[in-house]
Structures are given as structure tokens and as C-alpha cells.
Number of protein chains: 2
Amino acid sequence: MTKRSTQHETFTIERFYPQTPETVFAAFADEAIKRRWFVEGEGWAIEEYTLDFRIGGFERSRFRFKDGSVVTNDTVYQDIVENERIVLAYWMSVDGQPLSASMTTIELKPEGTGTRLTYIEYDVFFEGLDTPESRESGCRALLEALAATLDA
Amino acid sequence: MTKRSTQHETFTIERFYPQTPETVFAAFADEAIKRRWFVEGEGWAIEEYTLDFRIGGFERSRFRFKDGSVVTNDTVYQDIVENERIVLAYWMSVDGQPLSASMTTIELKPEGTGTRLTYIEYDVFFEGLDTPESRESGCRALLEALAATLDA
């Protein structure tokens with residue numbers, strides 16, 4: 001019988017983007033733009049990506065790094081305030097093994113002609129299968145990929 | 001324009017139930033039993049209650065206290081380990097106005113012939129429309145209603 005455990009952690013990331021809140025928000029709301037920074041990456045094979053961006057709507061990602069494990073990320077949107085706030089819950093698994101459940105709050109505020117993004121995440125890791133350090137570093141990399149997509 | 005704000009809080013409740021983990025788990029998994037302690041209560045009119053208890057499944061509650069406001073609670077299940085663990089994300093609104101988004105971890109451990117239940121909740125309250133004290137007290141009342149249903 002598997003020994004069950006949960007580890008609860010939270011972290012916050014702040015970032016400035018030179019684009020307006022409207023442009024940054026669209027990079028979360030538009031399936032084609034979000035796919036670019038959220039799931040496309042060198043060496044990753046995307047097996048599925050769909051986004052239904054509305055309260056109660058699902059986002060589903062299934063991808064594989066080279067010949068490695070299949071990673072799934074299922075998301076549901078809990079709150080959306082256009083150009084201002086996105087709150088979502090997501091859960092990940094690797095080869096069908098649940099890894100974690102999380103909730104993320106993203107707030108966008110105008111700063112000069114750009115946007116101050118505050119990203120607050122709460123994670124519950126299952127059976128020690130992932131670490132807070134690795135998750136935070138993955139989220140920082142995604143917000144960096146978002147910057148590259150916005151700048152392109 | 002509405003002034004946006006979020007308040008992030010967490011609380012933990014521990015409770016002992018004299019019933020087995022299998023019986024306590026069933027009170028979360030079975031729609032008829034859960035309806036009894038989760039939405040039925042004196043003075044409350046239930047407008048909708050459905051439970052699809054599986055990972056990625058929804059639970060939807062819509063109820064009204066006497067002639068008061070319509071409260072909705074939408075839930076999605078993020079992780080389920082039979083008789084051991086339930087992780088869910090939920091979001092509430094009153095008359096269509098979003099109130100909060102939350103994530104709850106429920107762990108069941110055998111203790112003697114009964115069950116030790118640990119309930120850990122993380123809440124994000126929107127625009128000051130609800131308070132941590134009121135939410136925690138509501139959750140304690142639900143876990144008390146669960147005890148009454150289990151004892152009946």
C-alpha cells in the first residue's frame with residue numbers, strides 16, 4: 001500500500017511586462033497565443049492542448065519530453081476579471097500518477113505604459129513526487145517564456 | 001470601476017469520527033449522503049445539487065436561504081484516493097457576484113476503530129466580500145453536520 005503524504009507550499013512571483021494589461025491578458029485568454037508560451041518548447045511533443053477560457057472552463061495539456069514520460073496538466077478557471085485577474089486550479093500527473101494539485105491567482109495592474117503581474121500559487125504535492133523549488137522554477141520559466149512571446 | 005482586491009488565507013480543522021474511513025469517505029463520494037449534510041438544512045431551498053465524484057468531475061450546488069440571495073458553489077475534484085484523500089477546488093458566488101476561490105485537502109486516517117479527518121483549506125476572497133472567520137466557521141458547521149449524518 002502506498003504511503004500517502006501531502007506537502008503544502010505557497011510562493012509569489014512579481015514581474016513587469018512592457019505591454020499593456022490588455023495585451024498580457026490576451027496571452028492567457030487566447031488559445032493560440034497561450035499555446036506558444038505555455039506548452040511549446042524545444043524537445044517537447046504536445047499530445048493535446050485545448051483551452052476553454054471562461055469561469056468553469058477547462059484547459060488540458062498533455063505533453064512528452066522527447067521519449068520520456070507523459071505529463072498532463074488539467075486546469076479549471078475559477079475566476080476571470082477581464083484584463084485584471086485570473087484564478088485557476090490545476091492538477092498534474094506523470095504517466096497517470098498524480099503529482100500535485102494547485103491554485104494560482106494572477107493579478108495584472110497597469111504600471112506606466114506596462115503591466116505589473118503578481119503570480120501567487122498554492123501547491124499540494126503528493127507522496128513527495130515533486131518539490132516546491134522545482135515547481136517555482138518551472139513557473140518562473142513559464143513567465144519568462146510569456147515575456148519572450150509578448151516581445152516577439 | 002470596481003476596486004479589485006484579493007485576501008489569501010488558510011486554515012486547518014481536525015476532527016475525529018467514530019465511523020471507519022470507508023464510511024466517512026462514502027459520505028463524500030455518494031451523492032445522496034453528501035446532499036444530506038452538505039446542502040440540506042432548515043430554511044434552505046436547494047435549487048440545484050449534482051455530484052460527479054471523480055477526478056476532473058464537477059459538483060454544483062445552488063441554494064437560497066428563505067427569500068434571500070442565491071448562493072452557488074461549484075467544485076471540481078483534483079485528486080481522489082479511495083478512503084484516504086480528497087482534494088478539490090471550489091468557487092462561490094452570491095447573486096452572480098464572485099465571492100471566493102478555494103482549494104481543500106481532506107485526509108482520512110484510521111484511529112482505533114474510527115477516523116481522524118484533517119481538513120486543510122486555502123481561500124482567496126475577492127473584493128472583501130467574505131471573511132476568513134466566516135468561512136472557517138461555515139466549514140466547521142459542515143463537518144458537524146457530517147457527524148450528525150454519520151450518527152443518524
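In this predicted model, strand β6(A) gives the most to the lining of the largest cavity, with three residues. The full lining consists of Glu84(A), Arg85(A), Glu107(A), Leu108(A), Lys109(A) and Arg4(B), and thus draws on chain A as well as chain B. Sorted by class, these lining residues are one nonpolar, no polar and five charged. The space in this cavity comes to about 30 Å³, and the count of cavities of 30 Å³ or more is one.

One of the cavity-lining residues, Glu107(A), also turns up in the surroundings of Thr118(A). Thr118(A) sits in strand β7 of chain A. With neighbours within four places in sequence left aside, Thr118(A) is in contact with Thr12(A), Ile13(A) and Glu14(A), as well as with Thr105(A), Ile106(A) and Glu107(A). Is Thr118(A) buried or exposed? Its relative accessible area is 17%, and a residue counts as buried under 20%, so Thr118(A) is buried.

A second threonine of chain A offers a useful companion example. Thr50(A) is found in strand β2, which covers residues 44-51 of chain A. Its relative accessible area is 36%, so Thr50(A) is partly exposed. Not counting residues up to four places away in sequence, Thr50(A) touches Glu31(A), Phe58(A), Glu59(A) and Arg60(A). Along the chain, Thr50(A) and Ala32(A) are 18 residues apart, and their C-alpha atoms are separated by 9.5 Å.

The helices can be described by which of their residues are hidden. Helix α3 of chain A runs over residues 132-151 and has 20 residues. From its first C-alpha to its last, α3(A) reaches 29 Å, close to the 28 Å expected at 1.5 Å a residue. Its buried residues are Pro132(A), Arg135(A), Cys139(A), Leu143(A), Leu146(A), Ala147(A), Thr149(A) and Leu150(A). Viewed down the axis of α3(A), these buried residues fall within an arc of 165°, so they line one face of the helix. A simple rule helps in reading such a pattern: an α-helix has 3.6 residues a turn, so residues three or four places apart point the same way.

What does the buried side of α3(A) pack against? The partners, in chain A, are the helices α1 (21-29) and α2 (31-38) together with the strands β1 (6-17), β5 (85-94), β6 (97-111) and β7 (114-126). The face of α3(A) turned away from this buried side carries the exposed residues Glu133(A) and Asp151(A).

Chain B shows one-sided burial in its helices too, beginning with α1 (residues 21-29). Here Pro21(B), Val24(B), Phe25(B), Ala27(B) and Phe28(B) are buried. Looking down the axis of α1(B), they fall within an arc of 150°, so they line one face of the helix. Ala29(B) also has its place in helix α1 of chain B, but at 27% relative accessibility Ala29(B) counts as partly exposed. Apart from its neighbours within four places in sequence, Ala29(B) is in contact with Leu51(B) and Phe53(B). Ala29(B) and Phe11(B) are 18 residues apart in sequence, and they lie 23 Å apart in space, C-alpha to C-alpha.

Helix α2 of chain B (residues 31-38) has Lys34(B), Trp37(B) and Phe38(B) as its buried residues. They cover an arc of only 90° around the axis, which puts them on the same side of α2(B). These buried residues pack against α1 and α3 of chain B, and also against its strands β2 (44-51), β3 (58-65) and β4 (70-81).

Finally, two loop residues of chain B deserve a look for their backbone angles. Most residues other than glycine have a negative phi. Asp95(B), although not a glycine, has a positive phi of about 50°. Asp95(B) lies in the loop between β5 (85-94) and β6 (97-111) of chain B, and at 52% relative accessibility it counts as exposed. Glu127(B) is not a glycine either, and has a positive phi of about 55°. Its place is the loop between β7 (114-126) and α3 (132-151) of chain B. With a relative accessible area of 16%, Glu127(B) is buried.

Technical notes: Residues are numbered from 1 along each chain as its sequence is written. Chains are lettered from A and ligands numbered from 1 in the order in which they are written. This is a predicted model: local features need pLDDT of at least 70, side-chain atom pairs count only at pLDDT 80 or more; totals for chains, interfaces and linings use all residues. Side-chain values use heavy atoms; hydrogens and water are left out. Helices (H or I, at least four residues) and strands (E, at least two) are DSSP runs, numbered from the N terminus. The expected span of a helix is 1.5 Å times one less than its number of residues. Buried means under 20% relative accessible area, exposed over 50%, partly exposed in between (1.4 Å probe, protein chains only). The arc is that of the directions from the helix axis to the C-beta atoms. Contact means heavy atoms within 4.5 Å. On a 1 Å grid over the protein atoms alone, a cavity is a set of points where a 1.4 Å probe fits but cannot get out, and a pocket is an open set with protein on both sides within 12 Å along at least five of seven lines; lining residues have an atom within 4 Å of a point. Grid points are joined across faces, edges and corners, and a volume is the space filled by probe spheres set on the points. Ala, Val, Leu, Ile, Met, Phe, Trp, Tyr, Cys and Pro count as nonpolar, Asp, Glu, Lys and Arg as charged, and the others, Gly among them, as polar.
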